[in-house]
Amino acid sequence: DDQFACMVGKFFTDLARSRLGTLAYHFFGTAVTFAAEAEALSPVAPPAPLTARVVRTARATGERFAVLAPLVLSAGVPPSGDPAVALEPGVRFQKLLGFGGSF
């Protein structure tokens, strides 16, 4: 009998807490703006042909979504020391080491 009374007591306590939580949400919900109600983002224009948009976030510099100068893509051999991506059309499933970030 004590267990049953304890279960009934917990049921009513939980019921009262959930109802109070619902009332508090309805009362304070009109005063608080949530992320789902935030203003929509403006559209982003596509990059120019043969360019890549560069956006950097770095903890050390404090940059957050910093837009950098675009990279111009071109065919041919880059000058010595410049970073490059070489694609061989005859080789399929080429290995990629990584992008340096998370997706």
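The exercises below work through a predicted model of one chain, each with a solution in steps.

Residues are numbered from 1 along each chain as its sequence is written, and side-chain values use heavy atoms, with hydrogens and water left out. Because the model is predicted, local features need pLDDT of at least 70 and side-chain atom pairs count only at pLDDT 80 or more, while totals for chains, interfaces and linings use all residues.

**Exercise 1. The outline of the chain**

Work out which secondary structure elements the chain has, and in what order they run.

Solution. Begin with the elements, where helices (H or I, at least four residues) and strands (E, at least two) are DSSP runs numbered from the N terminus. The chain has one helix and two strands, and from the N terminus on they follow the order α-β-β. The helix α1 covers 2-29 and the strand β1 covers 51-58, whereas strand β2 spans residues 63-72.

Next, turn to burial, for which buried means under 20% relative accessible area, exposed over 50%, and partly exposed in between (1.4 Å probe, protein chains only). Of the 103 residues, 2% count as buried.

Finally, take the contacts, meaning heavy atoms within 4.5 Å. Among contacts in the chain with a separation of 6 or more, residues 24 or more positions apart account for 0%.

**Exercise 2. The salt bridge**

Find which residue forms a salt bridge with E63, and describe the surroundings of that pair.

Solution. A salt bridge is a side-chain nitrogen of Lys or Arg within 4 Å of a carboxyl oxygen of Asp or Glu, and a search of the whole structure finds one. The partner of E63 is R56, with the closest N and O atoms 2.8 Å apart. R56 is partly exposed, at a relative accessible area of 39%.

As a second step, list the contacts of E63: leaving aside neighbours within four places in sequence, E63 is in contact with R56, T57, A58 and L68.

As a third step, consider R64, which also lies in strand β2. Not counting residues up to four places away in sequence, R64 touches R56, T57, A58 and R59. The side chain of R64 also reaches the backbone oxygen of A58 at 3.1 Å.

**Exercise 3. Positive phi angles**

Determine where L50 and F65 lie, and whether each is buried or exposed.

Solution. L50 has a positive phi of about 60° although it is not a glycine, and L50 is found in the loop between α1 and β1. With a relative accessible area of 61%, L50 is exposed.

F65, likewise not a glycine, has a positive phi of about 55°, but F65 lies in strand β2. F65 is exposed, at a relative accessible area of 66%.

**Exercise 4. The largest pocket**

State how many residues line the largest pocket, and which of them lie nearest its centre.

Solution. On a 1 Å grid over the protein atoms alone, a pocket is an open set of points where a 1.4 Å probe fits, with protein on both sides within 12 Å along at least five of seven lines, and lining residues have an atom within 4 Å of a point. The largest pocket is lined by 15 residues, and L73, S74, P83, A84 and V85 lie nearest its centre.

To finish, sort the lining by class: twelve residues are nonpolar (Ala, Val, Leu, Ile, Met, Phe, Trp, Tyr, Cys and Pro), one is charged (Asp, Glu, Lys and Arg), and two are polar (the others, Gly among them).

Terms used
A polar contact is a pair of N or O atoms within 3.5 Å; within protein, one must be able to donate a hydrogen and the other to accept it, and residues adjacent in sequence count only if both atoms are side-chain atoms.
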